[in-house]
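Subject: Structure for your review, with notes

Dear colleague,

I am handing over the structure we spoke of, together with my notes on it. Please read the notes with the coordinates open beside them.

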Amino acid sequence: MNTKIKFLGKEFINPIVPASGTFGFGYEFADLYDINILGSISTKGTTILPRYGNPLPRIAECSAGLINAIGLQNPGVDKVISEELVKLDKVYKDQVIANVGGHSVSDYVEAVKKLCTSNKVFAIELNISCPNVSGGGMAFGVDKDIAYNLVKEVKAICTKPLIVKLSPNVTDIVEMAKAVEKAGADAISLINTMVGMRIDLKRATPIISIKKGGYSGPGIFPVALRMVYDVYHAVSIPIIGMGGVTNAYEVLEMMYAGASLVMIGAQNLVDPYACKKIIEDLPRVMAEYKIENLEDIIGRAK
């Protein structure tokens, strides 16, 4: 069974990539298993300056996933390059996808410029779900014109392949996908978390300190699958699919819908061996459905 995938000119040994924010900077998992079995790694969201993140509590459990409002906690781009990626390089031989966040166009541009100097970085994943300070706090990823302008500005200075991560919290994700493709995105990843809330009945207040957060986990899988399918049929650039994927069967579903790579997110928090188990089970599931080459099934769902 051939699990290799070609994506943006690079060959991946398999399509499984831990999603940003669920796998740290990668080296933390190296004590559990050989992370070189992974297709790649999408590193923790990085901003131009260090961020502590949102106040506690910022995690709320759900019956089919969890809600988080971490708030892009990270040490800032300079330390990510000089410390985090250096630690990762000692235990992971391949290049990674660097996830970038920001609250203004200049934030994104400056962080991307710096990450593009790192040989450890294969591609940039632009998280456009961050609040736009100059836009009154509205996320870059919910207005196609704002998203277009951001991606165009970043693409102008980006020397690595540029992947744009789309938010599902929009009226029409296809229009968003078309906008970022037109602005120069080399690929699209979707979906980011949905917006959710839990309430503490004893205190009669939301559990999350900032009231709402990003809902992820098995509950969003059907929504994510539908959005990957819709976007695949609307754009001509490759797609990374994610959202509630927990096993090898769902990886195949994502690929049939149009994903070239599949990111595993919340499941890493439930089971730190999740990616390992999926990778090891993938050949068996491929054989079950008589799939010789994974690349052959991308977008084959009619």
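What follows goes through the pocket, the core, the salt bridges and two residues around one loop.

Please keep in mind throughout that this is a predicted model.

The pocket

The largest pocket has a volume of about 1,300 Å³. Its lining is made up of 49 residues, and those closest to the centre of the pocket are Asn68, Asn127, Asn192, Thr193 and Gly214. Two or more lining residues come from each of the strands β5 (65-68), β10 (194-196), β13 (213-216) and β15 (261-264), and of the elements that contribute, β13 gives the most, with three residues. If you plan to look at the character of the lining, it divides into 21 nonpolar, 24 polar and four charged residues.

The nonpolar core

The largest nonpolar core holds 96 residues, and within it Ile124, Leu126 and Leu190 have the most contacts. Taking Leu190 as the example, and leaving aside its neighbours within four places in sequence, one finds it in contact with Leu166, Ile173, Met227, Val228, Val231, Ile239, Ile240, Gly241 and Met242.

Salt bridges

The count of salt bridges comes to 13. In one of them the side chains of Lys114 and Asp78 meet, at 3.0 Å from N to O. Lys114 belongs to helix α2 (residues 105-115) and Asp78 to helix α1 (residues 77-89), so this pair ties together parts that are 36 residues apart in sequence. Both ends fall between the cut-offs of 20% and 50% for buried and exposed: Lys114 is partly exposed, because its relative accessible area is 31%, and Asp78 also counts as partly exposed, at 47%.

Helix α8 (residues 274-288) holds a salt-bridge pair in Lys276 and Glu280, which lie four residues apart, about one turn of the helix. Their side chains meet at 2.7 Å, N to O, and Lys276 counts as partly exposed at 25% relative accessibility. Arg284 and Glu288 likewise both lie in helix α8, four residues apart, about one turn of the helix, and the closest N and O atoms of their salt bridge are 3.4 Å apart. Arg284 is partly exposed at 42% relative accessibility, as is Glu288 at 39%. These two residues are also part of a network of salt bridges that links Asp281, Arg284 and Glu288.

Around the loop between α2 and β7

Is Ser118, which lies in the loop between α2 and β7 (121-127), buried or exposed? Ser118 counts as buried, because its relative accessibility is 9%, and the cut-off for buried is under 20%. Apart from residues within four places in sequence, Ser118 is in contact with Leu85 and Lys160.

Val121, for its part, has its place in strand β7 and is buried, with a relative accessible area of 0%. When residues up to four places away in sequence are not counted, Val121 touches Leu85, Gln95, Val96, Ala98, Leu115 and Lys160. Leu85 and Lys160 thus appear among the contacts of Ser118 and among those of Val121. As a further distance for orientation, Val121 and Glu83 are 38 residues apart in sequence and 14 Å apart in space, taken from C-alpha to C-alpha.

With best regards

Definitions and conventions. Residues are numbered from 1 along each chain as its sequence is written. This is a predicted model: local features need pLDDT of at least 70, side-chain atom pairs count only at pLDDT 80 or more; totals for chains, interfaces and linings use all residues. Side-chain values use heavy atoms; hydrogens and water are left out. A nonpolar core is a set of buried Ala, Val, Leu, Ile, Met, Phe, Trp, Tyr and Cys residues joined through side-chain atoms within 4.5 Å. Buried means under 20% relative accessible area, exposed over 50%, partly exposed in between (1.4 Å probe, protein chains only). Contact means heavy atoms within 4.5 Å. On a 1 Å grid over the protein atoms alone, a cavity is a set of points where a 1.4 Å probe fits but cannot get out, and a pocket is an open set with protein on both sides within 12 Å along at least five of seven lines; lining residues have an atom within 4 Å of a point. Grid points are joined across faces, edges and corners, and a volume is the space filled by probe spheres set on the points. Ala, Val, Leu, Ile, Met, Phe, Trp, Tyr, Cys and Pro count as nonpolar, Asp, Glu, Lys and Arg as charged, and the others, Gly among them, as polar. A salt bridge is a side-chain nitrogen of Lys or Arg within 4 Å of a carboxyl oxygen of Asp or Glu.
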